[in-house]
Amino acid sequence: MMETTVVGQPHLHDSARGHVNGAALFIDDLPEPAGLLHAHLITSPWPHARLTGLDLGDCLSGPEVVAAITAADIPGSNDIGPILGNEPLLAHDRLCYVGHPVAAVAATSAAAARAAARLARIAAEPLAPVFDLVTALERGDHVCPPMVMRRGDVDRALAAAPFRLAGETRVGGQDHFYLETQIALALPTEDGGVFLHSGTQHPSEVQHLVARLLGLPQSAVTVEVRRLGGAFGGKESQATLVAGIAALLCRKTGRPVKLRLGRDDDMIITGKRHGFLLRWDAGFDADGRLQGVDMLLAADSGWSADLTPGVVSRALSHADNAYYYPAVRLTGIGCKTNTASNTAFRGFGAPQGMIAAEAMMDDIARHLGKDPLTLRRVNLYRPGADRTPYHQKVRHFRIPDMLDRIGKAAGLAERRTAINAFNAKSPVIRKGLAVMPVKFGVSFNNPMMNQAGALVLVYADGSVLANHGGIEMGQGLHTKITQVVAEVFQIPLSRVRVSATRTDKVPNTSPTAASSGADLNGMAAARAAQTIRDRMAAAAAGHFGVPVAAVRFDQGTVIAGNHRISFAELAELCHQTRVPLSATGFYKTPSIHFDRATMTGRPFYYFAHGVAAAEVAIDTLTGEWKCLRVDVLHDVGRSLNPALDRGQIEGAFLQGLGWLTMEELVHGPDGALLTHAPSTYKIPTARDLPRDFRVVLLEDADNPEATIYRSKAVGEPPLMLAISVWLALRDAIASLAPPGTRPSLGAPATPERILEAVRTAEAAARDRSPGTAENDR
């Protein structure tokens, strides 16, 4: 692999200073255009009802109010469903959750619009709602057809296994809690179209669906995104709701319209991470080696499909994590409930699938009286020999070596002994230690989405402008693209700029999601830059009379035989000699395929790997706990930017810790979300970081697949490493119970739930009951 001069260096995030001093502009910071109107949504107060009447007369008579819209005002198709369709922008018949939008009003001030929205009169016939995931599952209320991944005869394997154990885990949802709430600014164009500043991870989807709503060709709608104030999946499909309302009111009034959701409205109206019910039935031998696994993964989808089919598919494809199931059946079901439609969230179903595997491994180990890490090692994939439940061969598997490394670096054996000794003498404070691996498949499960385009321009003074289809939402994607382009041209990073993502520059883009932003857009940008570099090299060769092979680009200088010229001088020479200095680049991920009918194929180009060891202490009197130490070893391939990658690992881990231990979504008896503000919904902060947090990037770990500079994705995989904390809490609780007892702890493991699990373990110890539900032979 060639040595790089810009790629691989810990360069500063391109907007870091702007984030601190306020110079980095977000949509709400843009100068307000003349005649701007502010919009506000009118929503359902019922969780489930048949809409019988909607009177907006009082709304329209309010001061400063200019217009209002209902479903009847949509000139095109009232549908913003990203996969299966049949998801109205505005309800016109059925109200499906508290917060379901039915209309919108626009006024000359945000306060006037909000006041007018309260005057709407909605008439409806209440219907019986369903809030509970188990109830929806039992009723067969699905938002999409069930999915099944299978390999081998699982029923025969389970029946023949010497040991058999069943279990169930519930994991809750999670609000995205991005700092910048959902927002869009729509402006009319002179040709009857709409220009949208949209806070979206998927500008092309917003463009396509807004065009559908307006009854316009896609070319009449332009979407621009400079940066997002966080997203985490929540602005992939759900941004279309806000952009669509702004665009409709813009078309109706002929004036610019901004719709910005307040924090409460954002949390009430938009979807979350899917909560899951996870049930498993496993057969294994005396060593804990699995022989058969039958799993049910049921997702709480909310009222509509949204992205549930993709979320469930990815949950199934990660329900093995790093372990080989010789015979397996994984069933995924998206269940319909009368809550906001749940959507993408960092990990996209993989965390829920992975926690099922880890809970199963933990319980089997405790049932057999074995060390959980030993049992995990017994069941690891054998690279080149084993296939996943979706029949993809596992290659380049780094987990065994990484477990060895972290075991030595973190002193796990010694700490295990010390913790056991501590627990034996400590009646109130108990410690727990857990180690887990992560194997995360990188690529969209839908092969069509694994494509990207870029546009690169070299100006006559040698400065470079790049545009690509990815979205900067804090993760540093633009910085990495800048590094890639600078590396191709061998020029200083300061000579390259990345412009705002726009649908009229790069069309038909995929969302910035699935941890693939740098993989896809980086390769597209590199190809565009390489095309221009090849032209410039040919121009230099012709000018100096040397073969093209004799032309080299080296740190801002172009060397042609015995001649030297600066990159800027060569750019001017190309301009003078009419050599084109702009090019597009396109990339599609090779070698991937997936048959949705059989749920088999190679959906992932490669796997990212990680291991984590977590140590916690719990107070058995209160359920309060502390994370004492976490060691992370993560595989990012050949890092494009170690500083950014380390930041992604730390941030993802903390977000995962929040999901698993403190972020609890609570609905009232009427289905209304009660935790819809920072006062009632607790997210982790810097104070919740482990006291001793050690993050190491795996060295000498070039990606064996031909990714951009042999790097690997880093956005989502580290989030699942936080499952180690949840497992460590279970380990601490298990120390209170008799051998063989399985801790009864779901997620989020709030202090209340920890205390409940502690009481259950202590009761089992008093009764000397194993408290298990196995069916042994």
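This talk walks through the pockets, cavities, helix packing and a few single residues of the structure shown above.

Before anything else, please keep in mind that what we are looking at is a predicted model. I will begin with the empty space and then move on to the helices.

Rolling a probe the size of a water molecule over the atoms shows where empty space is left. In this structure, the second largest pocket has a volume of about 660 Å³. Its lining counts 31 residues, and those closest to the centre of the pocket are Gly172, Gly173, Asp300, Leu665 and His667. If you want to find the pocket by its secondary structure, look at strand 8, which covers 163-171, and at helix 8, which covers 263-269, since each of them supplies at least two residues of the lining. As for the character of that lining, it divides into 14 nonpolar, nine polar and eight charged residues.

Let me turn to the enclosed spaces. How many cavities of 30 Å³ or more does the structure hold? There are three of them, and I will describe two. The largest cavity contains about 230 Å³ of space, and of the 19 residues that line this cavity, Ile80, Gln238, Leu241, Trp303 and Ser341 are the closest to its centre. Its lining is made up of 10 nonpolar, seven polar and two charged residues.

The second largest cavity holds about 80 Å³, and its lining can be read out in full: Val442, Ser443, Asn450, Ser516, Asp519, Leu520, Tyr587, Thr589, Tyr605, Tyr606, Thr707 and Ile708. By class, that lining has six nonpolar, five polar and one charged residues.

Now to the helices, where I have picked out three pairs. Two packed helices are described by the angle between their axes and the distance between the axes.

In the pair made of helix 6, residues 203-214, and helix 7, residues 239-253, the axes lie 9 Å apart and the packing angle is about 45°. Helix 6 and helix 7 are therefore oblique to each other, and helix 6 passes helix 7 in a right-handed crossing. On the side of helix 6 the contact is made by Glu205, Val206, Leu209, Val210, Leu213 and Leu214, while helix 7 brings Ala239, Thr240, Ala243, Gly244, Ala247, Leu248 and Arg251. Sorted by class, this contact of helix 6 with helix 7 has nine nonpolar, two polar and two charged residues.

The next pair is helix 15, residues 517-544, with helix 16, residues 567-576, whose axes come within 10 Å and cross at roughly 85°. At that angle, helix 15 is roughly perpendicular to helix 16. Met536, Ala539, Ala540 and His543 of helix 15 make the contact together with Phe567, Leu570, Ala571, Leu573 and Cys574 of helix 16. The residues in this contact of helix 15 with helix 16 divide into eight nonpolar, one polar and no charged.

In the last pair, helix 17, residues 642-661, packs with helix 18 at an angle of about 40°, and their axes are 8 Å apart. That angle makes helix 17 oblique to helix 18. Here Phe653, Leu657, Leu660 and Thr661 in helix 17 meet Ile723, Ser724, Val725, Trp726 and Leu729 in helix 18, and by class the contact of helix 17 with helix 18 has seven nonpolar, two polar and no charged residues.

I would like to close with some details of the backbone and with one strand residue. Most residues other than glycine have a negative phi, and most peptide bonds are trans. Against that background, which peptide bond is cis, with omega near 5°? It is the bond from Ala747 to Pro748, and Pro748 is found in the loop between helix 18, which spans 723-734, and helix 19, which spans 751-767. Asn321, although it is not a glycine, has a positive phi of about 45°, and Asn321 lies in the loop that runs between helix 9 (308-316) and strand 15 (328-336).

Finally, Asp619 belongs to strand 27, which covers residues 606-619. Which residues is Asp619 in contact with, once its neighbours within four places in sequence are left aside? They are Val428, Ile429 and Glu624. Asp619 and Met473, on the other hand, are 146 residues apart in sequence, and their C-alpha atoms are 38 Å apart in space.

How values were computed: Residues are numbered from 1 along each chain as its sequence is written. This is a predicted model: local features need pLDDT of at least 70, side-chain atom pairs count only at pLDDT 80 or more; totals for chains, interfaces and linings use all residues. Side-chain values use heavy atoms; hydrogens and water are left out. On a 1 Å grid over the protein atoms alone, a cavity is a set of points where a 1.4 Å probe fits but cannot get out, and a pocket is an open set with protein on both sides within 12 Å along at least five of seven lines; lining residues have an atom within 4 Å of a point. Grid points are joined across faces, edges and corners, and a volume is the space filled by probe spheres set on the points. Helices (H or I, at least four residues) and strands (E, at least two) are DSSP runs, numbered from the N terminus. Ala, Val, Leu, Ile, Met, Phe, Trp, Tyr, Cys and Pro count as nonpolar, Asp, Glu, Lys and Arg as charged, and the others, Gly among them, as polar. Axes are lines fitted to C-alpha atoms, for helices over the stretch in contact, and angles run from 0 to 180 degrees between N-to-C directions. Angles under 35 degrees count as roughly parallel, over 145 as roughly antiparallel, 65 to 115 as roughly perpendicular and the rest as oblique. A crossing is left-handed if the near helix is turned anticlockwise from the far one by less than a right angle, and right-handed if clockwise. Contact means heavy atoms within 4.5 Å.
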